[in-house]
Amino acid sequence: MSARPLNEQQARECKTEQRSYLWGFLLALVLTLIPFALVAFTEIERLTLWITIGVCALAQVVVHLRFFMHITLARNKREDLLLILFTVLILVILCGGTLWILFDLYQRMLPGMMP
Amino acid sequence: MSSRNTHSLEGNSRHPGLNLGPAHAQEEDTREEMVFGFWVFMMSDLIIFGLLFATYVTMLGGTAGGPGPKELFEMKSAFIETMLLLTSSFTFGMASLALKYREDKTRLVFWLVVTLLLGVAFLFFELKDFHTMFDKGGVPSRSGYLSAFFSLVPLHGLHVTGACIWLLALLGQMTVHGLDAPVKTGILRLAILWHFLDIVWIGIFSLVYLGGLS
């Protein structure tokens, strides 16, 4: 099968989408390099470091969803966004509950398990 | 990228993820259902990973006198693995665009093979990592902490292995049947899995590796 020739509009769209993937890649790269560099080369306080790592990770997840998986706020894509948001809600309840209950138990009964 | 362009690109979207557009109209309805169904499966997988993350965090203190994250992990290989997986996500995006705009088999196969090689390289480094950990006494049965680690990280590796096998199968299907509708739908769904696995890896390198080493 040979390459299908592109008309002018398709060529433009193709370029725009290529640029979008490239942007996603660059943003993800920066958001990866920041936490790695902080852990490798600096001696900043642990809590600040953890918060920075967490913020970078969350931002990178959003970048991946937006640029690689094409999840946007556009109205005709709401159902996918709702599916993801609902899953995240379930996840927050399950994970948050697990951590809350277990660390509460550790504090009361197994202080050795506190990291 | 301007919002006007975004609108014109995504105005006729039928299902989540990259839409192939009107040039691939055949079987568009089935594709819509299959891709959305795959998203639902992916989200259930996300719950599994999320809970394994939670288990890992609750087990952080349970090293039972065995080796902990600082002794076991190496920043360099975690970094290499991260870069390989991130780049493979990008090359899969290029493959999707080759499929969408050109139906150009050569270009599509090229990007898919690059993605496959990056995936295999990732697995190679991950297995090497596990080997180093075993050498340092970090086996799954050593402590609760290590059991939690080995249920989370290798499960992700297993998913990547599955995705690589799926990619090989799609390449085989493409050679036999050409670029027909099932192959196209397969590539769209595998793209979702591949990008999803990269997202899970963000959690792993941030929480397990960087969190453990800091």
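The following paragraphs describe the contact between chains A and B and the helix packing in a predicted model.

Residues are numbered from 1 along each chain as its sequence is written, and chains are lettered from A in the order in which they are written. In this predicted model, local features need pLDDT of at least 70 and side-chain atom pairs count only at pLDDT 80 or more, while totals for chains, interfaces and linings use all residues.

Between the two chains, 54 residues of chain A are in contact with 49 residues of chain B, two residues being in contact if their C-beta atoms, placed from the backbone, lie within 7 Å. The elements giving two or more residues to the side of chain A that touches chain B are helix 1 (8-41), helix 2 (46-68) and helix 3 (78-109) of chain A, where helices are DSSP runs (H or I, at least four residues) and strands are likewise DSSP runs (E, at least two), numbered from the N terminus. Helix 1 of chain A provides the largest share of that side, 18 residues. By class, the side of chain A that touches chain B holds 33 nonpolar, 14 polar and 7 charged residues; Ala, Val, Leu, Ile, Met, Phe, Trp, Tyr, Cys and Pro count as nonpolar, Asp, Glu, Lys and Arg as charged, and the others, Gly among them, as polar.

Across the interface, helix 2 of chain A packs with helix 7 (residues 181-213) of chain B at an angle of about 175°, their axes lying 10 Å apart, with axes taken as lines fitted to C-alpha atoms, for helices over the stretch in contact, and angles running from 0 to 180 degrees between N-to-C directions. Helix 2 of chain A is therefore roughly antiparallel to helix 7 of chain B, a term for angles over 145 degrees (under 35 is roughly parallel, 65 to 115 roughly perpendicular and the rest oblique). Residues of helix 2 of chain A in this contact include W50(A), G54(A), A57(A) and V61(A), and those of helix 7 of chain B include H195(B), D198(B), I202(B) and G203(B). The contact has 8 nonpolar, 7 polar and 1 charged residues.

Within chain A, helix 1 and helix 2 pack at an angle of about 165°, with axes 9 Å apart, and are therefore roughly antiparallel to each other. Helix 1 of chain A passes helix 2 of chain A in a left-handed crossing, that is, one in which the near helix is turned anticlockwise from the far one by less than a right angle. Their contact has 15 nonpolar, 6 polar and no charged residues.

Within chain B, helix 4 (residues 75-101) and helix 7 pack at an angle of about 160°, with axes 10 Å apart, and helix 4 of chain B is therefore roughly antiparallel to helix 7 of chain B. The residues of this contact divide into 13 nonpolar, 4 polar and 2 charged.

An unreviewed UniProt entry lists residues 21-41, 47-69 and 81-103 of chain A under "transmembrane region", although such annotations may be inferred rather than shown by experiment. In the model, residues 47-69 of chain A are 96% helix and 0% strand, with end C-alpha atoms 32 Å apart, and residues 81-103 of chain A are 100% helix and 0% strand, with end C-alpha atoms 32 Å apart. For chain B, the unreviewed UniProt listing includes residues 36-58 and 108-125; residues 36-58 of chain B are 100% helix, with end C-alpha atoms 33 Å apart.
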